[in-house]
Amino acid sequence: MLSKRDKLFLAAETLVSLACPSCGAALTRTGDDFACRNRHRINVNRKGCLNVLSSQVDSCYDADLFAARRRVFDAGCYNAVVEAIESLLPDGDHHLLDAGCGDGWYLNALLTRHEGWCGAGVDISRDAIFQATDLPCTALWVVGDLRRLPFQDGSFTAVLDVLTPANYDEFRRVLASDGLLIKVYPGSGYLKELRAARNMPLYEEGQVDAYLREKAHLVDERRVTVTHAVSDDLWRDFVWMTPLMQDLSAGEKDAIAAKNAGSVTIDLHVAACRLEG
């Protein structure tokens with residue numbers, strides 16, 4: 001069985017696309033780390049990931065959030081989203097970048113279903129990437145900033161941007177000339193039961209869609225809408241995993257978690273786009 005570090009090196013060898021975050025030159029393996037021709041070095045964390053941030057960034061997305069998120073995903077609540085993504089990707093092998101990957105669930109789901117595919121996941125949260133390295137897939141996991149991706153131009157056939165703010169210029173740079181951006185963003189009914197628990201109105205559609213169409217050419221799209229019955233434990237995990245609740249104290253979250261609405265709705269747009277210009 002490969003160690004986490006060995007899996008990272010294997011993924012990096014397959015992708016052949018790492019770029020130095022300091023100067024942009026190609027990074028190559030030098031023993032147990034990576035270096036560019038200008039002698040900048042990137043160490044491989046013992047957890048099996050790279051950290052290319054110049055300083056640690058505080059995030060409200062902590063280990064407890066990602067643990068709850070993993071349980072929600074493992075319960076199958078977002079399986080239909082993976083299937084929608086698959087249906088939008090062309091036939092053939094893919095080099096995937098999951099930008100803002102969180103704990104890596106989407107990338108792992110795709111790579112474990114498709115033996116010939118390879119990929120990388122980037123997130124600014126160290127806690128998230130540390131959890132991603134526990135997944136079975138062989139992927140290159142990076143603690144990094146979407147505004148400065150550590151990859152060479154044209155490295156990926158597809159970039160996944162799932163419920164994450166986009167950096168369209170960087171996505172365009174790292175995509176191959178015929179590559180696709182797969183953008184996943186909320187529909188009006190997304191997590192409506194959780195929004196109701198906080199007396200929030202339904203998600204207002206239009207803003208993300210309009211901005212996306214300014215930046216990209218829409219090729220195809222899917223709408224995933226499914227309502228899941230949830231146990232008390234699963235309802236609590238939804239409460240703890242969603243950013244909708246991250247301004248609340250633990251006690252306030254527990255109070256909402258104690259009042260199970262009985263169901264949770266997943267309502268998401270999944271759009272395949274080309275970034276031109």
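## Overall fold and local features of the predicted model

In this predicted model, residues 24 or more positions apart supply 66% of the chain's contacts with a separation of 6 or more. The secondary structure consists of ten helices and eleven strands. For 277 residues, a compact globule would be expected to have a radius of gyration near 19 Å, and the chain agrees with this because its own value is 19 Å. Along the principal axes, the C-alpha atoms occupy a box of roughly 55 × 40 × 35 Å.

Of the 277 residues in the chain, 52% are buried. The accessible surface amounts to about 12,900 Å², and carbon and sulfur atoms contribute 46% of that area. The chain carries 30 positive and 39 negative charges, and the mean positions of these two sets lie 5 Å apart.

Aromatic rings were examined next. A pair of aromatic rings is described by the distance of the centres and the angle of the planes. Eight aromatic pairs were found in a search of the whole structure. One of them joins W105 and Y106 in an edge-to-face arrangement, with 5.0 Å from centre to centre and 80° between the planes. Both partners count as buried because their relative accessible areas fall under 20%: the value is 8% for W105 and 3% for Y106. F151 and F156 also pair, and since their planes stand at 85°, with ring centres 5.0 Å apart, this pair is edge-to-face. F151 is buried, with a relative accessible area of 0%, and F156 is likewise buried at 0%. Ring pairs further connect W105 and Y106 with F73 and Y78, giving a cluster of F73, Y78, W105 and Y106.

Two helices were considered for the way in which their buried residues are covered. Helix α9, formed by residues 232-241, is mostly covered, with seven of its ten residues buried. These buried residues are L234, W235, D237, F238, V239, W240 and M241. The elements against which they pack are α2 (63-74), α7 (192-197), α10 and β11. In helix α3, which spans residues 79-88, the buried residues are V81, V82, A84, I85, E86 and L88. Their cover includes the helix α4 (105-113) and the strands β8, β9 (175-186), β10 (217-229) and β11. Strand β11 thus appears both in the packing of α9 and in the cover of α3.

Within α9, F238 gives a more detailed view of this packing. F238 is located in helix α9 and is buried, with a relative accessible area of 0%. Not counting residues up to four places away in sequence, F238 touches V72, C77, Y78, L191, L194, V230, V264 and I266. Among these contacts is Y78, a member of the aromatic cluster described above. By C-alpha atoms, F238 lies 29 Å from K4 in space, and the two residues are 234 residues apart in sequence.

The loop between α10 (250-257) and β11 (263-274) holds A261. This residue is partly exposed, with a relative accessible area of 47%. With residues up to four places away in sequence left out, A261 touches E193 and W235. The second of these partners, W235, is one of the buried residues of α9. A distance of 21 Å separates the C-alpha atoms of A261 and R70, which are 191 residues apart along the chain.

Backbone geometry was also inspected. Most residues other than glycine have a negative phi, and most peptide bonds are trans. L163 has a positive phi, near 55°, although the residue is not glycine. The loop that contains L163 runs between β8 (156-162) and α6 (168-174). L163 is partly exposed, with a relative accessible area of 35%. N199, also a residue other than glycine, has a positive phi near 60°. This residue lies in the loop between α7 and α8 (207-215). N199 is exposed because its relative accessible area of 74% is over 50%.

Terms used:
Residues numbered from 1 in each chain as written. Predicted model: local features only at pLDDT ≥ 70, side-chain atom pairs only at ≥ 80, totals over all residues. Heavy atoms only, no water. Helix = DSSP H or I, 4+ residues; strand = E, 2+ residues; numbered from the N terminus. Rg over C-alpha atoms; globule rule 2.2 N^0.38 Å. Buried < 20%, exposed > 50% of the residue type's maximum accessible area, 1.4 Å probe, protein only. Contact = heavy atoms within 4.5 Å. Areas by Shrake-Rupley, 256 points an atom, 1.4 Å probe, with all protein chains shown as cover. Lys, Arg positive; Asp, Glu negative; His and termini not counted. Charge placed at Lys NZ, Arg CZ, Asp CG, Glu CD. Phe/Tyr/Trp six-rings, centres within 6.5 Å; stacked < 30°, edge-to-face > 60°.
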